[in-house]
Amino acid sequence: MENYSKGKNVEQALTRDTLGIPGLPENFVWMQVKGGSKMRNLLELALEEYEQGRDILWSGSGPALGKTISCAEVMKKKFSPIYQFNKICYRRFEEHWEPKLEGLDPLVVNRDMPMIHILLSHQPVNKDLPGYQMVGQQYQPPHKHTRSEPNKKYVQRPSSHKKTIIHDPGQMESYGLKFNRKKSNKNQIKRA
């Protein structure tokens, strides 16, 4: 590739018609997440719009997949019940490379990046469609209960529970281990 210089990048255009999500509501907010998007900014707008009754469509591709899913999960924890529909697909990017030397042809490299669309809706979504996710219960952390007895981790045990292990020095030396030998003091080393 040292004989080519990078030209333009062409992304596949995303429109409501090219999404391929059946039964997409008319009035929805489309949150297109990028790799550099700040989750706080995205969620502030999405939470406000969802509270006003508008459905939210999260979309992200490539390095923004994890952030897209995280934003949808935060909303699911905030609102209950919430209906979810997922669509996983690929988005095509074309990279154009121009030759630096005469006689070489220009190159077009097609890259397919994974993409996810997550629709969070107030109204039920068609359950027969692949990608429908059942309405789950809102996560409730387990209740902390008080213990009637102190934590055993911090209880001091009597010394009678300690076992004394006796090693056979001959057997240990056969394994290459040395026991019951005094270490020589550096000051006591004899010089020859």
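**Strand pairing and a helix contact**

Modeller: Since this is a predicted model, take what follows as computed from it; to begin with one pair, the bridge partner of Q84 in strand 6 is Q133.

Biologist: OK, and how many bridges join strand 4 to strand 6 there?

Modeller: There are 2 bridges between strand 4 and strand 6, the latter covering residues 132–133, and the two strands run antiparallel.

Biologist: What about strand 4 and strand 5, how many bridges and which direction?

Modeller: Strand 4 is joined to strand 5, residues 107–121, by 15 bridges, again in an antiparallel arrangement, and within that pairing R92 has D112 of strand 5 as its bridge partner.

Biologist: And which residue in strand 4 is the bridge partner of E11?

Modeller: That is F93; strand 1, residues 4–11, runs antiparallel to strand 4, residues 83–99, and 6 bridges join them.

Biologist: Switching to the helices, at what angle do helix 1 and helix 2 cross?

Modeller: The axes of helix 1 (residues 39–51) and helix 2 (residues 65–78) cross at roughly 40 degrees and come within 11 Å, so the two helices are oblique to each other, and helix 1 passes helix 2 in a right-handed crossing.

Biologist: Which residues make the contact?

Modeller: Helix 1 contributes M39, L42, L43, A46, L47, Y50 and E51, while helix 2 contributes K67, S70, C71, V74, M75 and K78.

Biologist: How many of those are nonpolar, polar or charged?

Modeller: Sorted by class, the contact of helix 1 with helix 2 has 9 nonpolar residues, 1 polar residue and 3 charged residues.

How values were computed:
Residues numbered from 1 in each chain as written. Predicted model: local features only at pLDDT ≥ 70, side-chain atom pairs only at ≥ 80, totals over all residues. Heavy atoms only, no water. Pairing = 2+ DSSP bridges. Helix = DSSP H or I, 4+ residues; strand = E, 2+ residues; numbered from the N terminus. Axes fitted to C-alpha atoms, helices over the stretch in contact; angles between N-to-C directions. Parallel < 35°, antiparallel > 145°, perpendicular 65-115°, else oblique. Left-handed = near helix turned anticlockwise from the far one by under 90°. Contact = heavy atoms within 4.5 Å. Nonpolar A, V, L, I, M, F, W, Y, C, P; charged D, E, K, R; others polar.
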